[in-house]
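Reader: I'd like to learn how to read a protein model. Could you walk me through one?

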Amino acid sequence: MKNIDVCLTPELLHQYNLENKIVVVVDILRATSCMVSGFSNGVTEIIPVSTLEECKALQEKGYLAAAERNGSKAEGFDLGNSPFEYLDSKMKGEKVAVTTTNGTLAINKSLAAKEILIGAFLNLNALVEYLKNKEEDIIILCAGWKGKFNLEDTLFAGALAHQLKEDFQFACDAPLAAEAMYLTAKKDMMNYMRDSSHAKRLSKLNVVKDIEFCVQESIYDIIPYLDGKSL
Ligand code: 3SL
């Protein structure tokens, strides 16, 4: 049987062989939720980059430049990292270069994979439908926070692993633990997430509505994927 595994932070990625695997990168708060929202709103291309300098260079080539560090918009860039910015009607038809503290880094660490998909609660069902018939093993890569475990990405990993468990066996205890957390949290996801360190960090920055938005399940049908350097 095919395997599904969860890598709880990019710092553990060296333990995983990505060759011929499908990697689903997740950064619920908020990078991958923004990407799913942007494409659903008509953004045509997103280039995820690791550094502010790379993002600036693309801004000079005509991309809208989105940059977040420590939860706030970095100075001199066009956008921060709120899904509501990506949902603005002026984003239709735009090309975006983006760098964030953890999410874009996680994408760029996954380049050895056969396929790299962008996951969020917002496109959970679409991912399940796409992945359930695939022959390759799956790794869900949680972006975490600065190399450490985080709650929200693990909850998503648990949701996806849970919904794929008829077709994929759990490769180790990480999907098992993530699934148990998700099954506990799902009755009141927002309440469960409120205690997470990043939810607290964002709450201090007055962005609670972003958290409420990002915990919604399956409101979009699209699955962004990496093709060369672009989504
Ligand atoms: O770390 C990241 O990639 C960001 O998504 C963090 S934030 O939610 O924009 O603060």
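Author: Let's go through confidence, sheets, helices, backbone oddities and the ligand. This is a predicted model, where local features need pLDDT of at least 70 and side-chain atom pairs count only at pLDDT 80 or more, while totals for chains, interfaces and linings use all residues. Residues are numbered from 1 along each chain as its sequence is written.

Reader: What pLDDT does the protein average?

Author: pLDDT is the predictor's confidence in each residue, from 0 to 100. Here the protein averages 96, and 100% of the residues score at least 70. For the complex, the predictor gives an ipTM of 0.94 and a pTM of 0.96.

Reader: Now the sheets. What is the order of the five strands in the open sheet?

Author: Strands of a sheet pair through backbone hydrogen bonds, either parallel or antiparallel. Strands (E, at least two residues) and helices (H or I, at least four) are DSSP runs, numbered from the N terminus; two strands pair if DSSP finds at least two bridges between them. The order here is β7-β2-β8-β1-β9, with parallel pairing. β7 (115-119) and β9 (168-170) stand at the edges with a single partner strand each, so one side of each has no neighbour in the sheet. From one strand to the next, the twist averages 25 degrees. Look at β2 (residues 22-26) and β8 (residues 138-142): they pair in the parallel sense over five bridges, and Val24 stands opposite Ile140 in β8.

Reader: Which helix packs on that sheet?

Author: Contact means that the C-beta atoms of two residues, placed from the backbone, lie within 7 Å. Axes are lines fitted to C-alpha atoms, for helices over the stretch in contact, and angles run from 0 to 180 degrees between N-to-C directions. Helix α6 (residues 151-164) touches β1 (2-7), β2, β7, β8 and β9, and its direction makes about 165 degrees with that of β8.

Reader: At what angle do α6 and α7 pack?

Author: About 100 degrees, with the axes of α6 and α7 (residues 173-185) 7 Å apart. That makes α6 roughly perpendicular to α7, a label for angles of 65 to 115 degrees (under 35 is roughly parallel, over 145 roughly antiparallel, the rest oblique).

Reader: And how is the sheet of four strands ordered?

Author: That open sheet runs β3-β6-β4-β5, and the pairing is mixed. β3 (45-48) and β5 (72-73) are the edge strands with a single partner each, so one side of each is left without a neighbour in the sheet. β3 pairs with β6 (residues 95-99) in the parallel sense over four bridges, with Ile46 opposite Val96 in β6.

Reader: What is unusual along the backbone?

Author: Most residues other than glycine have a negative phi, and most peptide bonds are trans. Here a cis peptide bond joins Leu29 and Arg30, with omega about -5 degrees. Arg30 is in the loop between β2 and α1 (31-40). Asn20, in the loop between β1 and β2, has a positive phi, near 65 degrees.

Reader: Which residues surround the ligand?

Author: A residue is near a molecule or strand if its C-beta atom, placed from the backbone, lies within 6 Å of it. Among those around the ligand are Asp27, Leu29, Arg30, Asn81 and Ala143. By class, the shell has three nonpolar, six polar and three charged residues. Ala, Val, Leu, Ile, Met, Phe, Trp, Tyr, Cys and Pro count as nonpolar, Asp, Glu, Lys and Arg as charged, and the others, Gly among them, as polar.
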